[in-house]
Amino acid sequence: MELWFSEFHAPDVKHSIRVNRHLYSQRSEYQQIDVFETPEFGRVLTLDGNVLLTERDEFIYDEMITHVPMSVHPCVRDVLVIGAGDGGVVRELTRYACVEKIDLVEMDPQVVEVCRTYLPENACKLDDARVHIYYDNALRFLRRCTANYDLIIVDSIDPFGPSEGYFTREFYGICYNALREDGIMVNQQGSPFYKHDADVMRRSHHKIVNTFPISRVYQAHIPTYAAGYWLFGFASKKYHPIADFQAEKWKSLNLETNYYTTKLHIGSFYLPAFLEKMLKEVE
């Protein structure tokens with residue numbers, strides 16, 4: 001008997017991956033957590049039936065949400081990462097010698113433990129001396145912060161269930177307060193392709209535009225995410241993602257990447273016409 005994992009990307013669209021083994025299945029206090037072994041995508045982590053990451057394409061997401069802001073801000077010392085209990089974003093951040101402290105706020109400790117066991121290449125830097133893990137609600141954590149961070153990376157799951165509060169005007173406002181005067185916030189903005197996802201993206205972008213003086217959207221192509229097309233938000237108090245982009249400085253670090261490049265950095269902010277129209281409607 002063949003075993004397949006299927007995820008609905010839209011009411012009439014389903015994405016399926018053949019499964020060799022179901023390695024882990026447990027319900028935590030917050031969500032259903034599963035890990036599958038697959039022939040095409042390696043190990044796949046799902047939360048409540050939605051793909052969070054796969055070994056095959058996680059590098060695209062983690063590189064684009066990390067290296068874009070890191071190549072714009074001139075000196076990131078203190079970083080707050082929200083969600084990302086798998087450790088992929090933390091792994092990318094620890095490659096920068098300038099980073100002195102990484103606070104990781106993850107609501108579900110079971111996600112971290114599962115990734116330590118089944119996805120060690122993602123979780124390999126969670127024990128770095130600069131990393132401090134807090135098992136807490138991010139809104140509660142952020143309310144205690146004022147001008148603490150140079151960079152906030154919001155690596156939340158989609159805005160349903162436990163992560164719904166991470167897509168509100170209040171949340172973006174307390175992120176703004178937690179950033180220093182030249183701070184940057186990046187977040188995942190979902191896919192603009194299917195109607196439901198596009199509506200969520202527009203609402204989120206509208207709230208960010210009304211909170212930060214500089215707000216842009218950029219894109220990446222991730223095969224296992226909805227429509228294979230994913231967006232990130234870049235919001236800043238001071239720095240423009242292209243005008244203040246320090247390409248030569250970033251290249252001098254000699255960081256080896258599999259997706260991100262300095263040319264791609266600029267290109268990722270040039271959006272297709274249908275998406276530009278969507279964003280202008282809410283701006």
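A residue is taken as buried when its relative accessible area is under 20%, and by this criterion strand β4 of the predicted model is mostly covered, with 6 of its 7 residues buried. This strand, which comprises residues 32-38, runs antiparallel to strand β3 (residues 21-27), and the two are joined by 6 bridges. Among the bridge partners across this pairing, Y24 is matched with V35 of β4, and R21 is matched with E37 of β4. The connection between β3 and β4 is a hairpin, with 4 residues lying between the strands. Strand β4 also pairs with β5, again in the antiparallel sense and over 6 bridges, and within this second pairing T38 stands opposite G42 of β5. Here too the two strands form a hairpin, in this case with 3 residues between β4 and β5.

Both β4 and its two partners recur in the packing of helix α3. In this helix, which spans residues 109-118, the buried residues are V111, V112, V114, C115 and Y118. Viewed down the axis of α3, these buried residues fall within an arc of 165°, and they therefore line one face of the helix. An α-helix has 3.6 residues a turn, so residues three or four places apart point the same way. The elements against which the buried residues of α3 pack are β3, β4, β5 (42-47), β8 (101-106), α4 (120-123) and β9 (131-135). At the start of α3, a side-chain oxygen of D108 comes to within 3.0 Å of the backbone nitrogen of Q110.

Aromatic contacts were examined over the whole structure, and the search finds 13 aromatic pairs. One of them is formed by Y134 and F141, whose rings lie 5.1 Å apart from centre to centre with 50° between their planes, an arrangement classed as tilted. As regards accessibility, Y134 is partly exposed, with a relative accessible area of 34%, whereas F141, at 7% relative accessibility, counts as buried. The pair of Y176 and F212 has its ring centres 5.2 Å apart and its planes at 65°, and it is therefore edge-to-face, since plane angles over 60 degrees are assigned to that class. Because Y176 lies in helix α6 (residues 169-178) and F212 in the loop between α7 (195-209) and β12 (214-220), this pair ties together parts that are 36 residues apart in sequence. Of these two residues, Y176 is partly exposed, with a relative accessible area of 28%, while F212 counts as buried at 3% relative accessibility. The ring of Y176 is further engaged by K237, whose charged end sits over that ring at 4.1 Å from its centre. Elsewhere in the aromatic network, ring pairs link Y61, Y218, Y225, W230, F232, F234 and F269 into a cluster.

A buried acidic residue is found in helix α2. Residue E92, which belongs to this helix (residues 88-93), has a relative accessible area of 5% and is accordingly buried, because the threshold for that class is 20%. The side chain of E92 makes a polar contact with the side chain of H67, at 2.7 Å. When neighbours within four places in sequence are left aside, the residues in contact with E92 are D62, E63, T66 and H67.

Finally, attention is drawn to two backbone positions at which phi is positive in a residue other than glycine. For D48, phi is near 50°, and the residue is situated in the loop between β5 and β6 (50-54). At 39% relative accessibility, D48 counts as partly exposed. For A147, phi is near 55°, and its place is in the loop between α5 (138-142) and β10 (149-155). With a relative accessible area of 36%, A147 is likewise partly exposed.

Key: Residues are numbered from 1 along each chain as its sequence is written. This is a predicted model: local features need pLDDT of at least 70, side-chain atom pairs count only at pLDDT 80 or more; totals for chains, interfaces and linings use all residues. Side-chain values use heavy atoms; hydrogens and water are left out. Rings of Phe, Tyr and Trp (its six-membered ring) pair if their centres lie within 6.5 Å; planes under 30 degrees apart count as stacked, over 60 as edge-to-face and the rest as tilted. Buried means under 20% relative accessible area, exposed over 50%, partly exposed in between (1.4 Å probe, protein chains only). A charge sits over a ring if NZ of Lys or CZ of Arg is within 6 Å of the ring centre and within 35 degrees of the ring normal. Two strands pair if DSSP finds at least two bridges between them. The arc is that of the directions from the helix axis to the C-beta atoms. Contact means heavy atoms within 4.5 Å. A polar contact is a pair of N or O atoms within 3.5 Å; within protein, one must be able to donate a hydrogen and the other to accept it, and residues adjacent in sequence count only if both atoms are side-chain atoms.
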